[in-house]
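Biologist: Could you walk me through this one? I would like to hear the reasoning behind each label.

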Amino acid sequence: MDDTQRQRSEWSWWYLLFLVQFIAVLWPPFYNTAEPYWIGIPFFYWYQLLWVLIGAVLTAVIYLATEK
Amino acid sequence: MQDVNWVALAIFVLLFAFITWLGFAAARWRKGDLDLLHEWGLGGRRFGTVVTWFLVGGDAYTAYTFIAVPALAFGAGAVAFFAVPYTIVIYPILFLVFPRLWYVCHKRGYITAGDFVRGRFGNRWLALAIAITGIVATMPYIALQLVGIQVVIGALGISGTGLAADLPLIIAFAVLAAFTYSSGLRAPASIAIVKDILIYLTAFAAIIVIPIELGGFARIFSAVPAQKLLLPVPGPHTTGAYGSYATLALGSALALFLYPHTLTGILSASSGAVVRRNAALLPGYSFMLGLLALLGFFALAAGLKGLPEFAAGFKQFGNNFAVPALLLHGFPSWFVGIAFAAIGIGALVPAAIMSIAAANLYTRNIHREFINKNPTARQEAQMAKWVSLIVKVGALVFILFVPTQFAIQLQLLGGIWIIQTLPAVLLGAYTRWFNSWALLVGWALGSYAGTAMAVQVHLTPTFPLTFGGYTFPGYTAFYTVILNLVVALVLTPLFNAISARKVAPDETLAADYQA
């Protein structure tokens, strides 16, 4: 019984934030366009590169929020 | 091929000599008794956040990646960018699952995924399946690292016939084998730091200097043909390129940390928190990989394929020559030397870790389990050192005598095979609900179906699944691991009912999975 309680306490609602990046980058219709360009780079490329950074920030937020 | 580029070659050799010294000196770094397997094969589990960042980064983002992803962009266009969503979605998986695995492996003295599965499910045949899959999937991966070295050696202008042509590669490999044997995981860990600094330097210089030379990003992308610039929009009744792109990204992400070499990198960290912190820090490499993918477009815009000085290189190495040619075209010789050294050394780091990981698997889950059941600690470490040598020689022979294309195809199959260990390893970190024999049958069917499907599409990564008049092209590994899971889910209650009393005990405790 102790075990199940401890297992449950491991879950954090913060983890749901991870879903955001899955949806943002695994659904190509969101970003398969050339417009708008940014410094000459088509949207398709800079959008996904931007999500690398956002994903890292989200992970850092989750780390800080869940660290005991 | 062009003449020998002496300045670049001199710098290349100098840097290689430096990391050779470093590889041997690493034996004394964070000193431990290298006659113990966890000291030789996991660096004593003592690497902190920064070293782990370099080690796992240098291990997962291999030299071959840095050659092949831009080459794919150069040849096929936008689809190559799947490497970016791939390396975004691995980190939530790393964050959630792998600290648990780290804790249980630390507490129970596990060194491989096979050890974990053996302890968790008490089934040595399932552990054997995990070990064999790991070794078989790793071998062609090591061979591909050699392709990375071959390309840069060729691009330095070194050519010859017969044995002379292969001599630089053989020397590089002999050096690699020697320092891995003597220093274990400490060697690639220390070299990874040097290599990654060089790689970052190269990537950022290339992303800044070359677009300036080519007249800006707008001009570069306007030179990319329209059908390569974006993914083709799917027609009716199919998910088309969108489905392939997303499943390639997700499937590759699920598979990455199941590979023995990446798991070895993670298990060598000094705590589960180090693993978690790295989930937020490792995207630095993903960002660089995305930038490097763009180099394929730079090469396209620079029209390198039409230049006579690169004709021989493209003929010999195909699109894999795009990045070396671009570097030769855009940088002075001394910098080319640094960049090529970064790629060459970048091949040695993962190759070393892969051979160590394969050696750990053989030693722990095959030799100790089935051949010599009670080795001394010293015998065990010695066995692993020898196996690491055999694995490397095998990869070298493979690359010297078998066409490169064959290694690439085997590596593709390796991805399909390694993902089949997901239910036992990844889900096993959370639950032992599954019956171990059901997992074994799922593994076998997933591997068989994946191989058959890949052969049917002539060893290309995606399979056009047809269902109710709709076609869903997608990554074969992704589809077959779902099959594997379904089989394990269905067979578990069935097998449990047949042999209710014979289920082996779980030697791990719930508390083992946490700090």
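Modeller: Happy to, and we can take the terms as they come up.

Modeller: This is a predicted model, where local features need pLDDT of at least 70, side-chain atom pairs count only at pLDDT 80 or more, and totals for chains, interfaces and linings use all residues. Residues are numbered from 1 along each chain as its sequence is written, while chains are lettered from A and ligands numbered from 1 in the order in which they are written.

Biologist: What confidence does chain B have?

Modeller: pLDDT is the predictor's confidence in each residue, from 0 to 100. The mean for chain B is 92, and 99% of its residues reach 70 or more. The model scores ipTM 0.92 and pTM 0.93.

Biologist: What makes up the secondary structure of each chain?

Modeller: Helices (H or I, at least four residues) and strands (E, at least two) are DSSP runs, numbered from the N terminus. By that rule chain A has three helices and zero strands, and chain B comes to 23 helices and two strands.

Biologist: How do you know that chain B agrees with a compact globule?

Modeller: The radius of gyration is taken over C-alpha atoms, and the globule rule is 2.2 Å times the number of residues to the power 0.38. For 515 residues the rule gives a value near 24 Å; chain B has 23 Å, so the two agree. Along the principal axes, the C-alpha atoms of chain B fill a box of roughly 70 × 60 × 40 Å.

Biologist: Why is Val25(A) called buried?

Modeller: A residue is buried if 20 or more other C-beta atoms lie within 10 Å of its own, exposed if 12 or fewer, and partly exposed in between, with C-beta atoms placed from the backbone. Val25(A) has 27 other C-beta atoms within 10 Å, so it is buried. This residue is found in helix α2 of chain A. Of the 68 residues of chain A, 22% count as buried, and in chain B buried residues make up 58% of the 515.

Biologist: Which residues does Val25(A) touch?

Modeller: Two residues are in contact if their C-beta atoms, placed from the backbone, lie within 7 Å. Leaving out residues up to four places away in sequence, Val25(A) touches Gln48(A), Trp51(A), Pro85(B), Ile88(B) and Val89(B). Val25(A) and Trp51(A) are 26 residues apart in sequence, and their C-alpha atoms are 7.4 Å apart.

Biologist: What makes up the side of chain A that touches chain B?

Modeller: In total, 31 residues of chain A are in contact with 33 residues of chain B. On chain A, α1 (2-10), α2 (17-26) and α3 (43-66) each supply at least two residues, and α3(A) gives the most, with twelve. By class, this side has 21 nonpolar (Ala, Val, Leu, Ile, Met, Phe, Trp, Tyr, Cys and Pro), three charged (Asp, Glu, Lys and Arg) and seven polar residues (the others, Gly among them).

Biologist: How do you know that α4(B) has the expected span?

Modeller: The expected span of a helix is 1.5 Å times one less than its number of residues. For the 14 residues of α4(B), residues 63-76, that should be 20 Å, and the end C-alpha atoms are 20 Å apart, so the values agree.

Biologist: And why is α4(B) called largely enclosed?

Modeller: Twelve of its 14 residues are buried, so α4(B) is largely enclosed by the rest of the structure. The cover over those buried residues includes α5 (83-108), α7 (124-155) and α15 (283-301) of chain B.
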